[in-house]
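Grab a pencil and work through these short exercises. Try each task yourself before reading its solution.

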Protein chains: 2
Amino acid sequence: MPRRPTSRDVAVAAGVSQSTVSIVLTGKWPGRVSPHTAQTVREAATRLGYRPNLAARNLRLGQTRTVLLVVPTLANPFFGAVYTGAARVAAEHGFGVVVYPWPDGHGPARSPFSAPHEAIDGVLASSMATEVLADLVGQDTDMGVPLVMLDSDPAGAAPTVNVDVADGMRALVGHLAGLGHRRFWHLAADIDAWTFRVRGRALADAVTALPDGATLVRRTAPITVEGARAATRVWLREAGRVGSDRATALLCDDDVMAAGAYKAARDTGLDIPGDLSITGFDDILLAEAVEPELTTVRLPAQGLGERAMSALLEILDKGRPRGLSLAGELVVRASTAPPRAVRD
Amino acid sequence: MPRRPTSRDVAVAAGVSQSTVSIVLTGKWPGRVSPHTAQTVREAATRLGYRPNLAARNLRLGQTRTVLLVVPTLANPFFGAVYTGAARVAAEHGFGVVVYPWPDGHGPARSPFSAPHEAIDGVLASSMATEVLADLVGQDTDMGVPLVMLDSDPAGAAPTVNVDVADGMRALVGHLAGLGHRRFWHLAADIDAWTFRVRGRALADAVTALPDGATLVRRTAPITVEGARAATRVWLREAGRVGSDRATALLCDDDVMAAGAYKAARDTGLDIPGDLSITGFDDILLAEAVEPELTTVRLPAQGLGERAMSALLEILDKGRPRGLSLAGELVVRASTAPPRAVRD
DNA sequence: TATGACTAGTTATACGTATGACTAATCTTG
DNA sequence: CAAGATTAGTCATACGTATAACTAGTCATA
C-alpha cells in the first residue's frame with residue numbers, strides 16, 4: 001500500500017536534500033538552486049506524482065491563503081454572484097474562496113470544536129446575523145478570525161459592505177410616483193432580518209419624502225410564492241369590499257414575493273400593470289421570466305463580493321478599513337404603468 | 001501582540017501537561033483523566049479562548065474530516081439542494097462539507113500547486129467533466145483524493161450517482177401522449193454537457209417507444225430566457241408558414257428555456273397550453289412562478305447529494321461502491337393540455 | 001505483605017513543510 | 001595569491017497536535 005509521496009521522497013528520488021526540493025518547488029528563491037538540479041527535482045516530483053501536503057504547509061506558514069464565504073443558503077442565486085465577485089478579487093491576490101452555506105437545522109454541533117471550516121485566514125459573511133457567527137469567528141473578537149460582513153447590520157463589530165438600499169428604493173418610488181401613483185402597498189417579508197428591515201425603512205422614507213401626500217400601508221407575508229399569493233389575495237379582497245382603499249402600486253420585499261402577488265392579482269381578476277403595478281427587489285432570473293416582466297431593483301451582488309473581499313484582504317495586511325456601500329440599480333420592466341386615473 | 005493560545009498555553013494555565021489538555025479536549029479517552037482535572041482544563045481553555053489549530057490537527061491525524069463539493073456554478077439553485085443533502089449525511093458522520101464553485105474563466109492557475117481547497121479528505125463533483133477535475137483530484141487516480149461524481153457521465157473512472165432521467169422522461173412523454181399529443185418538438189441546450197446529451201437520448205427513446213407513430217424534431221438554443229425565446233420564435237414562425245408542421249407539444253431541456261419558449265409563444269400569439277403545451281425540466285422556483293405554471297420533471301437534487309455523500313464516506317472507509325441512480329419525478333402543472341384536435 | 005490491576009497522569013515523538021543558519025566550493029579582484 | 005564575495009547546496013529546527021509508551025501512586029486480592 002503506497003503512501004502518498006512526500007517532499008522527502010522526491011528528495012531521495014532526485015538525489016538532493018528535502019530542503020532543496022522545498023526551495024525548488026516553492027519558487028521563492030530565484031537563483032538558490034542551479035537550473036540543472038531544479039530540473040531534476042521537478043522531474044522527480046512529476047514522476048512520483050508529488051502533491052504537497054497542505055496541512056503541513058498551513059501549519060508551517062501559519063496561514064492557508066483561503067477565505068471562507070459564509071452564506072445563509074444556496075437556494076438564492078444572489079449568493080452565487082457574491083461568490084463570483086469575491087473569488088475574482090481573491091484570485092488576484094493568490095487567495096482561494098470556499099463557500100460554507102449555513103447548515104439549516106443540523107448545525108455545527110458535532111464535537112466541541114470540530115468546525116471543519118476553520119483552516120482559513122478570514123471569513124466573509126453575507127446576510128447573516130453576527131450572533132450566529134459567534135462560534136465560527138471566536139467570541140473574543142480580538143483574536144478570532146478576521147471577519148468582514150456584507151449585506152448585514154453595520155452596527156456590529158465587524159466592518160460591513162452594504163448595498164445602499166435607500167438609493168434604489170428612492171429610484172423605485174420615484175419611478176412609480178412619476179407614473180402618477182400615490183397609494184402604495186408594501187408586501188413585506190415576515191422574517192426579522194436586517195436586510196428586510198432596511199428595505200422597509202427605506203421605502204417608508206422614500207414615500208414620506210414625496211412632495212404631495214402619498215400613503216403607504218404595510219402587510220407581511222412569507223417569502224415564498226404561495227405565501228405571498230395568499231396574503232395578497234386576502235388583502236385585495238378586503239380592499240375590494242371597502243372600495244377606493246386599494247393601492248395602485250404594490251411594492252414587494254423581493255422578487256419571489258412579487259411572483260406570488262402576480263398570481264393573487266390574477267386570482268382576483270386584476271390586470272398587471274393596468275389595474276395594479278407590482279414591483280420586486282433583487283432582480284433574480286425569475287424577474288425576467290414572468291409575464292409581464294418585473295420592474296425591480298438590481299442588487300450589485302458581484303460588486304458586493306468584490307468590495308468585501310478587498311476589505312478582508314486589507315485587514316489581513318494591515319488594520320481595519322471602514323464600511324462601504326454600493327448603490328442598487330433600478331430596472332424598469334413591464335409590471336409598472338400609470339394608474340387608471342392618470343391615464344383616463 | 002498576543003498570539004493565539006495553543007494547547008500548551010492551556011496546559012500551563014491549568015497546571016497540567018499538554019497531553020492532558022489534548023486528552024481532555026478530544027474526549028476520546030473516557031476515564032483517562034479525573035473529573036476534577038478535566039474541569040480545570042476546560043475552564044482554562046474557555047478562559048483563554050482556546051481554539052485548536054486545525055492545520056496541526058489535520059497534519060497529525062492525516063485527515064480533515066472535510067469533503068469538498070465541486071459544482072459548476074452557484075447561479076443554479078439545483079446545487080444548493082445537492083449541498084443540503086450532502087451536508088446532512090456528512091454531519092451524521094462528523095464530516096463537514098465545503099463548496100467550491102468552479103472558477104469560470106480565471107481558473108486555479110495561480111502557483112504550481114496552491115489549490116487552496118486541497119486540505120480535504122474527498123471530493124464530490126456535481127455535473128462536471130472528469131477532465132476538468134484532473135488537477136484537483138490528481139492525475140494518477142490510484143492515489144489521488146477519493147472522488148464521487150454525481151449527475152455526470154458514469155463512463156468515467158469514478159463512481160457515479162445519477163438521476164434516472166429516462167424514467168422521468170418516459171413519464172413526461174407518457175403524460176403528453178396520454179393527453180393526445182403526437183407531434184413533439186425538442187428545444188435542446190446548445191452546450192455539449194453529459195446531462196443534456198442524456199436528456200436528449202432519453203426523450204428520443206421515449207418518443208420512439210410510443211405505440212402509434214409519433215414524431216420528434218429537435219432544435220438547439222442557448223440555456224437562457226432570451227436565447228430560447230429567439231430560437232423558439234423563429235421555429236414557430238417557420239412552422240407557421242408551412243401549415244400543419246407545427247408540434248402540439250414543446251419539450252424544453254430545462255425550465256429556464258421553457259420560460260423563453262413561453263415568451264416566444266406569446267410573441268407569436270399562441271395560447272399556452274391551448275395551442276401549444278410546453279414542458280421544462282428541473283423544477284426550479286421559476287416553474288411555479290410563471291403563468292401558467294410549468295409542467296416539468298423534478299430532479300431529486302437533495303437525494304443525489306445524500307447518496308453521493310454516502311458513497312464517498314463508504315469509500316473513505318473501505319473499498320469502492322457501485323454507481324447508483326435515483327428516479328426523477330414528473331410534476332404536472334398547467335402548461336400541458338390536450339391538443340386542439342383532441343378536444344374538438 | 002507481595003502482586004497484579006487500575007488510576008491519573010507525564011514524556012517523547014511524529015506528522016510534512018519552509019526557512020534561518022551554516023558550509024564547502026568556486027569566482028572575483030586588488 | 002590571499003581574501004572577500006558569490007554560488008549551490010545541506011542541516012537543523014519549529015509550527016501545534018494526538019497518541020503510544022511509560023511511570024508513580026493507589027487499591028484490591030490472596
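How much area does chain A expose, and what percentage of it do carbon and sulfur atoms supply? Keep in mind that you're looking at a predicted model.

Solution: Chain A exposes about 15,000 Å². Carbon and sulfur atoms supply 52% of that area.

**Exercise 2.** Describe how chain A is built up.

Solution: Start with the secondary structure, which comes to 13 helices and 12 strands. Next, look at burial: 51% of the 344 residues in chain A are buried.

**Exercise 3.** Work out what the salt bridge between Glu293(B) and Lys263(A) joins.

Solution: First check the distance: the closest N and O atoms are 3.2 Å apart, and the cut-off for a salt bridge is 4 Å. Then place the partners. Glu293(B) sits in the loop between helix H11 and strand S10 of chain B, while Lys263(A) belongs to helix H10 of chain A, so this pair joins two chains. Finally, both Glu293(B) and Lys263(A) are buried.

**Exercise 4.** Compare the burial of Glu226(B) and Arg229(B), and say where the two sit.

Solution: Begin with the link: their side chains form a salt bridge, 3.3 Å from N to O. Both are in helix H9 of chain B, three residues apart, so about one helical turn separates them. Now use the 20% cut-off for buried residues. Arg229(B) has 16% relative accessibility, so Arg229(B) counts as buried. Glu226(B), with a relative accessible area of 36%, is partly exposed.

Methods. Residues numbered from 1 in each chain as written. Chains lettered and ligands numbered in written order. Predicted model: local features only at pLDDT ≥ 70, side-chain atom pairs only at ≥ 80, totals over all residues. Heavy atoms only, no water. Helix = DSSP H or I, 4+ residues; strand = E, 2+ residues; numbered from the N terminus. Buried < 20%, exposed > 50% of the residue type's maximum accessible area, 1.4 Å probe, protein only. Areas by Shrake-Rupley, 256 points an atom, 1.4 Å probe, with all protein chains shown as cover.
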